[in-house]
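The report below moves from a single side-chain contact to the fold as a whole. Please keep the sequence and the structure in view while reading.

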Amino acid sequence: MFARSVRLPSLRRSGHLPVYNIGRPGAEKYRSFLNIFRNPKPKPEPLPVLSDNDLFHPFSKSPFPEVRARGEAIQSLALCSVCTSHPKHAGELPSRVKFECPDCGWPSHCSEEHWQVDKEHKKYCSRLREVNEDEHDLRRGRKMREFQLPGPQAYEEAISFANWDLFWYTRGFPSMDTERSRRHASKLLTYPLTIGSVLHQNSGLTLNNRRVTLEGSRSLAALRTTLHVPPGAPDTEEAGAAKPQIRVFILGARAESSLPPHVWEQLSMLFPSCHFHLFFIGPQVSLPKPADEAVARNAKSSASGTAELRGECNESHSLYVPNIYVPPTPKPIARLKRTRSSIQLYGFPSYTIPYTSQLTITGIQANYAEVHQHFAETFDPYADVFFIFSPGFGFPSMRSMSQLDGTPLLQIASPTEWGPVVPVLLTSRCSIIVTGFSPADMERDVRSLEIAPNVAGEFEWVINPGINVFGSEKWEVADFDPRVMVKANWGLWAIRGKGRQIRKGDQ
């Protein structure tokens, strides 16, 4: 035994025995068959254009053409706040903003002299700098982990709708480590989560906190009997086989219609046993790209998802469209494999995507009053609900004037806008949930209900006006005046058509 052990080193040196040493050259040929079971090495992430400490840039010196184009649009639209408000310049023609604030990077005043005089600018300068850095962060090419959305919820794992933090935690989202990540994620998810937080049985809107009225509790209870399974039953896709389809009508849709379908799929994952059909209806609904363009693009591109997203940002001839009084129509959305045209069904430019077995999306580029006849006889308060995001009911109309004094009508009374729409929604007896982008906007819309013809006295409250905990946390800045800043879906309220009791003697 001892003699054999002594001979082994000499045999290895002579080459008669193989040497199983991974560190020596040529040794890998003896273990090559094991490599097929190893996971391939992950590809290194592309380096971002800007570092975390280099996100602030004045608009005119930004490395991204879209940001520079926005700065030019602001300079062509916005007026100097000192020229318009300071008594010294009363009667003078206000100048356009040309000077960029060195602290926030936005075009803010016509000259450095006026920037130094303006003491009010310091009150909102930090917000503008925050938006500046957010815009550069979105475009610098880093991996956006806050946009990695979770899959279906595990069985018997409850979801909290108390606030964003508890929702992200109970839903299994990646950790939101910075305020910037929170702002990005909340802006992406505010539309589907506003809908889900109202309809879900775990909603924070209750009778106890006086956000939901007694009539509203009945309306929401009717919807929830369809949205959820009986207590004790498994809330699975199979449990909803006999359920009716839940139809969510999103009227006046704009930016929400351009969200990718997988973002809206997060709504259906909150209700595993339901089949949702989302209807985006409005003159500014985003439609899919033409079929021939989509085919050519798919054949040409085989790049990664990040590179594809960058290409979509650059394919438009106009790098930036200003968000003036009437928001621009979003860019065309990507055409998916199962996208089909619905123009023969509704008579207007439209499409339908059966995205999953639990989610179907239809977009119709028309005013709701023009397609109401397709749905008028089919509404069911147990399965249908209306959502209107920031409709501007109380804003003056740009198209309709009063025949009495020639003043602009409110949009809720305008025959070309919401005038013919809200009354027919009330006759359906389905809940109408409305959001506002600021306290003033929400108050303006609520007050308009009391004076609108065929609306005043014809509705009852479902949800009292108040803050929407799933509103976006990102500031949106107006190009025509950078002092105007709002947050999408800041507040929320809801109404429904008033019920009529019929007595025996009246029949």
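A polar contact is a pair of N or O atoms within 3.5 Å, where, within protein, one atom must be able to donate a hydrogen and the other to accept it. In this predicted model, the side chain of Thr339 has a polar atom that lies 3.1 Å from the backbone nitrogen of Leu336. Thr339 itself is found in the loop between helix 11 (305-314) and strand 5 (340-341). Because its relative accessibility is 11%, and buried means under 20%, Thr339 counts as buried. When residues up to four places away in sequence are not counted, Thr339 touches Pro288, Tyr351, Thr352 and Ile353.

Across the protein, which has 507 residues, buried residues make up 45%, and the secondary structure comes to 15 helices and 15 strands. Of the contacts with a separation of 6 or more, 69% are accounted for by residues 24 or more positions apart.

The pLDDT of the protein averages 86, and 83% of the residues score at least 70. Over residues 11-30 the pLDDT is below 50, and this stretch has 13 contacts in the model beyond near neighbours in sequence. Over residues 299-317 the pLDDT is likewise below 50, with twelve contacts in the model beyond near neighbours in sequence.

Two helices can be set side by side by their spans.

| Helix | Residues | Number of residues | Expected span | Span between end C-alpha atoms |
|---|---|---|---|---|
| Helix 2 | 65-77 | 13 residues | 18 Å | 19 Å |
| Helix 8 | 214-227 | 14 residues | 20 Å | 20 Å |

For helix 2, the span agrees with the value expected at 1.5 Å a residue, and its buried residues are Glu66, Val67, Ala69, Arg70, Gly71, Ala73, Ile74 and Gln75. In helix 8, Gly216, Ser219, Leu220, Ala222, Leu223, Arg224, Thr226 and Leu227 are buried. An α-helix has 3.6 residues a turn, so residues three or four places apart point the same way. The packing partners of the buried residues of helix 8 are helix 7 (179-199) and five strands, namely strand 3 (246-251), strand 4 (276-281), strand 8 (384-389), strand 12 (459-467) and strand 15 (491-497).

The second largest pocket holds about 610 Å³ of space. It is lined by 28 residues, of which Glu156, Glu157, Asp235, Leu270 and Pro272 are the closest to its centre. Helix 9 (residues 261-269) gives the largest share of the lining of this second largest pocket, with three residues.

Methods: Residues are numbered from 1 along each chain as its sequence is written. This is a predicted model: local features need pLDDT of at least 70, side-chain atom pairs count only at pLDDT 80 or more; totals for chains, interfaces and linings use all residues. Side-chain values use heavy atoms; hydrogens and water are left out. Helices (H or I, at least four residues) and strands (E, at least two) are DSSP runs, numbered from the N terminus. Buried means under 20% relative accessible area, exposed over 50%, partly exposed in between (1.4 Å probe, protein chains only). Contact means heavy atoms within 4.5 Å. pLDDT is the predictor's confidence in each residue, from 0 to 100. The expected span of a helix is 1.5 Å times one less than its number of residues. On a 1 Å grid over the protein atoms alone, a cavity is a set of points where a 1.4 Å probe fits but cannot get out, and a pocket is an open set with protein on both sides within 12 Å along at least five of seven lines; lining residues have an atom within 4 Å of a point. Grid points are joined across faces, edges and corners, and a volume is the space filled by probe spheres set on the points.
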